[in-house]
Every structure is written in C-alpha cells, then in structure tokens.
Amino acid sequence: MSTTTRENWTSKRNFILAAAGSAVGLGNIWKFPYIAGENGGAAFLIIYVICILMIGIPILNLEILLGRETQKNPVGAFKQLSTNPLWQYVGGLGVVASFTILSFYSVVGGWSIAYMLEAINGTFKGFENPQVAGEFFNLKNSNANWVLGFHTLFFLITVGIILSGVRKGLEKVSRYLMPLLLLILFFLVFQGLFLPESEKGLEFLFAPDWSKINAQTFLLALGHAFFTLSLGMGAMMTYGSYLSKKDDIVHASNIIAFLDTFIAILAGVAIFTVVFSSGYSPTAGPGLVFHVLPPLLAKLPLGYIMSIMFFLLLSIAAITSAISILEVSVAYLMDEFSFSRKRATSIMSIAVYLAAIPCALSFNVLSDVTLNIGAKPYTIFDIFDYLASNIYLPLGGFFIALFVGHAWGVDKAIKGLLMGDSNNSRFGNSIFKNATVVSVFGFLVKFISPLLIFLVFLYQFGLI
Ligand code: PHE
C-alpha cells in the first residue's frame, strides 16, 4: 500500500483510544510506581505532573499536529515541512529510538505474558515471600530460552497486529483492550483500598517526602514524562498522521494526557495498597512488579483471580504500546520507500527482533557485559532503557520544540491546532482563541521546553 491510499482512524474517539493505548504502557504500571517509590512518592508525583503540564502536553499537541499536517511518518513529516535536510535526522532519531525501546520493551512484555500464564498455573500460591519470588524470577531469567521464547511470543503478537493495518489492527485492539484495562485496574484499586492498612500505601503515594528530591529527580521526572506520553520518537506523530483535519487535537491531547496520568496513579494505588498492607517496602526497583507483587497478590482474598488480572493488565498495556513503537518504523518504510505494509513490517520486525536479542540475553548469557554509568553497572537491557528514556526521547522532544518554535513557526502551529471542530471550550482547541493561552503556549514551546530539556542534559553529562 502506498501513501496515496493512506489509512485513517474511523473516528476521533478511536484515535484517542489508540493514542492512549500507546501512552498507557509498561511505563505506567511497571516503571512509574517504582520510580515514584524510590524518589519521594508524592514529591516526585508533583514534579512529574509539572513536567507533563509544561512540556509533555505542549509537545504531545505538536507531535500529533505535525503528523496530521503532513500525513507522514516522522522522517517524511520533517522533509515535507522544511527545506533544511538536517531536520529529517530528528525523524531518523525516532526510528532509531523505536528500535531501542522495543528491544527492552518486548522483553518485559514477554515477562508479563509468562507471569500471566504462571498466575493461571497457580505458581504464585507457592511463594512464601517476595524473596522466594525474586529467586524464581532470577532462576527463570537465567534460562536464555525462557526469556527468548516469551520475548518472541510477545513480538509475534505485536507484529500480527501491525500486519492487520490501522483500522483492523491498531484501532481494533485498542478499542477493545483499553476499556478492559481500565475495568481491571478499577477492580484492583477497589480491592486494594479495602485491605488493612491500605492508607499507608496511599500516604506513601500522596504524602510528599521532599528530602528525596534532588537534580536527579528532575531528570527522571522529565525522562519519564516523555516515555509515558510516548513522546520524542514520532509515535504520536505517526498516529497523528492517520487523523483527519476535522478532529480537535487539543481536546484529544488533553484526554490522552489525563488518562495516562490517571492510570499511572491508579496503578500506584493498586500496587502500594497491596505492598503496604503486607508490610513490605516499596523501594524494590524494577523488580517491584515481578518480585514483590506475585506472592502478595496470591495471598489476597481473591488472590488467584487478582494475580491473573494484574498480569493480564500488564500484558495489555505492553501490547497496545508496543504496536505504536513498531508502527513508527513500519510507516517510515511504507511512506519513504513505497513498501507494502506486509513488506515493511517483515523487514522492520526482523531487524528489531535481532536488535532485541542482546537485551533478552542480558539476564543470562550476557549478564557480565556491563557499562558503568555513575557508580552503577548497567547491563545491555539497562543501557537500552537509559538511552531511550534519558537521551533519545528528551532529545527528540527538544528538537520538535525547537523546530516548531524557531523553524516552522508557532503561529502555523496555533493555526493548525485551531483546525477541527471544537465543542469544548475548556479542554478543546477553542482555548487557543484566548490571547493569553496562545502566548503562554508560544513561550513554553519556544523557550521553556527546550531550555529545561537542555539543562537536564547538561546536568546528566555532569556539565552543571
Ligand atoms: N508510553 C509507553 C509506556 O508508558 C512507552 C512508549 C514510549 C510507547 C515511546 C511509544 C513510544 O509504556
């Protein structure tokens, strides 16, 4: 299929569900709770929400807009909007980022499916405590075939959806799975709130510990804001490229950002109420979900069902995001080289699959291959995660803000954002009819976003 027959979403509602499906992922359920846990709970939450409001939402609007304006993948979008070929590299960076993220993402996605099957098997009942569960996790991961096998299964599901196209694949999956995800999450939160001492979990999430806040926290919060909203690598641009001009981007972005933040907080509530009511410490790093939770979930009144639901939730979140990551590279090949969807998907998935193998092996065969960043040894898996969240995505966001603010022009962006029916005066695009909103937006895009991201980079490389 070539660009002339570009598919599009059937409705704005379905676009929102697909984009929210992209945003709501492992970042919300696997990453957010442990990052918040290790960095001061609510104090982190506040900084994170500020990053979402000041940088995340403006860039989300811009990405969707650049996609819709050009009806192109990130590389093609920049090519169309600017005569300076350098900007295309920003789109190219997105394609590289999509490789990097999917490499570690599909490993965690594979774990989620594996754990859902273990939950169905009733394995978690046998875990005395999180330590035993941790040993089980490490033992499983020491087997390269186990990790590679589930990673491959997760990958095949992702590829299958992409092959079905925008309407029959991306849209359909999100339309059914996102409401299911919310339903499961509500159920888990509801159950969590009724556990003894659940208020300790809430206090942990909602009472700020400012002593844990330092410059590093800002870096994490900003990196996570990009990661969780799927920004900086063209995923939202690609999804925006399947959107029609009559849809209100501002309204859609507000809903997507709200849903994403709301779901991350709900996931935090679901997880911390269980952890605290069992008397455990939440600062367990990335293992929180795979070490600490399984035995605790299994001991709950509806433990068997709860465990299955939790890992089903995690798998759904991972799949609806992974498809948006792969779609960036597939759209790139389809638009730029006029490949059919089938051909583009086959080429890209083989390439990404191969790139992901070292990540899967970093828990066993390649576990000794590490790089010290600061004082901490990073495995290949950690490096891919670090590169994506802390470098590629913020860098992509930096250039997108710079492009709109200083090359393409904020007034063109505002004009574009005002296009599309708005029947919502508070959260829709008619807020851009207000001169103050327009100047605040312009100021954020032109100066604040690039400056803050730049400062975070300087800090990251030890330059300030
Ligand atoms: N937003 C997804 C999550 O939170 C991850 C993602 C990043 C998806 C970048 C697409 C692009 O898990």
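## Helices H6 and H7 and the ligand site

Helix H7, residues 144-163, has 20 residues, and its first and last C-alpha atoms are 28 Å apart, close to the 28 Å expected at 1.5 Å a residue. The model described here is predicted.

The buried residues of H7 include the aromatic residues Trp-146, Phe-154 and Phe-155. Also buried in H7 are Ala-144, Val-147, His-151, Thr-158, Val-159, Ile-161 and Ile-162. Five helices pack against the buried residues of H7: H5 (88-121), H6 (130-141), H8 (165-193), H14 (303-337) and H15 (341-361).

At its N-terminal end, H7 is capped by Asn-143, which places a side-chain oxygen 2.9 Å from the backbone nitrogen of Asn-145. After H7 comes Gly-165, with a positive phi near 95°.

Helix H6 is one of the elements packed against H7. The twelve residues of H6 should span 16 Å at 1.5 Å a residue, and the distance of 16 Å between its end C-alpha atoms agrees with this. Buried in H6 are Pro-130, Ala-133, Gly-134, Phe-136, Phe-137 and Asn-141. Viewed down the axis of H6, these buried residues fall within an arc of 160°, so they line one face of the helix. An α-helix has 3.6 residues a turn, so residues three or four places apart point the same way. Gln-131 and Leu-139 are exposed on the other side of H6.

The cover over the buried residues of H6 includes H5, H7 and helix H13 (293-298). H6 also has an N-terminal cap: a side-chain oxygen of Asn-129 lies 3.0 Å from the backbone nitrogen of Gln-131. Gln-131 is thus described twice, as an exposed residue of H6 and as the residue whose backbone nitrogen faces the cap oxygen of Asn-129.

The ligand is surrounded by 16 residues, of which the closest are Ala-23, Gly-27, Tyr-105, Phe-227 and Ser-230. The table lists polar contacts with the ligand.

| Residue | Protein atom | Ligand atom | Distance |
|---|---|---|---|
| Leu-26 | backbone N or O | oxygen | 3.0 Å |
| Asn-28 | polar side-chain atom | oxygen | 3.4 Å |
| Thr-228 | backbone N or O | nitrogen | 3.2 Å |

On its own the ligand has 330 Å² of accessible area, and the protein covers 100% of it.

Note on methods:
Residues are numbered from 1 along each chain as its sequence is written. This is a predicted model: local features need pLDDT of at least 70, side-chain atom pairs count only at pLDDT 80 or more; totals for chains, interfaces and linings use all residues. Side-chain values use heavy atoms; hydrogens and water are left out. Helices (H or I, at least four residues) and strands (E, at least two) are DSSP runs, numbered from the N terminus. The expected span of a helix is 1.5 Å times one less than its number of residues. Buried means under 20% relative accessible area, exposed over 50%, partly exposed in between (1.4 Å probe, protein chains only). Contact means heavy atoms within 4.5 Å. A polar contact is a pair of N or O atoms within 3.5 Å; within protein, one must be able to donate a hydrogen and the other to accept it, and residues adjacent in sequence count only if both atoms are side-chain atoms. A residue is near a molecule or strand if one of its heavy atoms lies within 4 Å of it. Accessible areas come from the Shrake-Rupley method with a 1.4 Å probe; for residues, only the protein chains shown count as cover. The arc is that of the directions from the helix axis to the C-beta atoms.
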